[in-house]
Amino acid sequence: MLPWKRVLRPLAALLLAVAAVVVPAATAGASGTAATSSGWNDYTCKPSAAHPRPVVLVHGTFGNSVDNWLGLAPYLTSRGYCVYSLDYGRLPGVPLFHGLGPIDKSAGELSAFVDKVLAATGAAEADLVGHSQGGMMPRYYLKFLGGAAKVHALVGIAPDNHGTDLNGLTNLLPYFPGAEDLLDAATPGLADQIAGSAFLTKLNAGGDTVPGVRYTVIATRYDEVVTPWRTQYLSGSDVRNVLLQDLCPLDLSEHLAIGLFDRIAFHEVANALDPAHAAPTTCASALG
């Protein structure tokens, strides 16, 4: 008999992810208008001496440049950062739900976007902050596409750095002939994120990090999408792995909440972007 509870949990998480991007999209309007009116994706912004690097936000699977960042982008712009976000991994005929294309190609889109931001701001380097796939995909850009010379720090919020087994659901794929091929053909960005995929094997071969970049991973033990949650952590020099519940044991945020509206996680993102002026992150950071 199939382990239905194990099957239904990740399927429910997937439905929650879809709902999380659909509901804000109904109110956000056109992505460029919404972002600019909220203070980010403003190409006239010039980085300050206090925050000399622009911040590029990289959405997760099924996300887009607005909906994923309705919480964090205003949080950072209000603190004086020049903030930008992109859409990547779009499939033909699929609006709003992005991050579904081949991840190596998505990394190329990120590369072009970072170049655009650096040219507009005059900055030599950018900082990257990504949620879920958006915290993992930039590592391909850093490792294989020359991004390490243009990026100072990468902050991953619940990133699937070593893939996911979706609470064991992916282990069932071999029992459904043709399912893996169909997944790879229809949504290669999803197939690339399965633990043990060819993409992840290449990405993590020879080490998780590259020299010259600071890495921060912010994870939650209640993550139901990137599982096991400890696989989010990175190994290597200049890496800081943070568990949200070590900062605030009362924080129950799961995979979506940690990236969409958790101000405790946001506070730790700000610390990672400016460690010289970091303040302790506690449960009280939710009020800041």
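Contact means heavy atoms within 4.5 Å. This is a predicted model, in which local features need pLDDT of at least 70, side-chain atom pairs count only at pLDDT 80 or more, and totals for chains, interfaces and linings use all residues. Residues are numbered from 1 along each chain as its sequence is written, and side-chain values use heavy atoms, with hydrogens and water left out.

**Exercise 1. Place Ser197 and state whether it is buried or exposed.**

Step 1. Find the loop between α8 (188-191) and α9 (198-204); Ser197 lies there. Helices (H or I, at least four residues) and strands (E, at least two) are DSSP runs, numbered from the N terminus.

Step 2. Check the cover. Buried means under 20% relative accessible area, exposed over 50%, and partly exposed in between (1.4 Å probe, protein chains only). Ser197 has a relative accessible area of 11%, so it is buried.

Step 3. List its contacts. Leave aside neighbours within four places in sequence; Ser197 then touches Ala191 and Asp192.

**Exercise 2. Describe strand β1 and its pairing with β2.**

Step 1. Locate β1 at residues 55-58.

Step 2. Look at its two faces. Val55 and Leu57 are on one side, Val56 and Val58 on the other, and all are buried.

Step 3. Find the partner. Two strands pair if DSSP finds at least two bridges between them. β1 pairs with β2 (residues 83-86) in the parallel sense, over 4 bridges. Within β2, Tyr84 is the bridge partner of Val56.

**Exercise 3. Describe the largest cavity and its lining.**

Step 1. Fix the term. On a 1 Å grid over the protein atoms alone, a cavity is a set of points where a 1.4 Å probe fits but cannot get out; lining residues have an atom within 4 Å of a point. Grid points are joined across faces, edges and corners, and a volume is the space filled by probe spheres set on the points.

Step 2. Count and size. The structure has 1 cavity of 30 Å³ or more. The largest cavity holds about 30 Å³ of space.

Step 3. Trace the lining. Its residues include Gly135, Arg139, Leu154 and Tyr215. β4 (151-157) and β5 (214-219) each give at least two lining residues. β5 supplies the largest share, 3 residues.

Step 4. Sort the lining by type. It divides into 5 nonpolar, 4 polar and 1 charged. Here Ala, Val, Leu, Ile, Met, Phe, Trp, Tyr, Cys and Pro count as nonpolar, Asp, Glu, Lys and Arg as charged, and the others, Gly among them, as polar.

Methods
1 Å grid on protein atoms, 1.4 Å probe; cavity = no way out; pocket = protein on both sides within 12 Å on 5 of 7 lines; lining within 4 Å.
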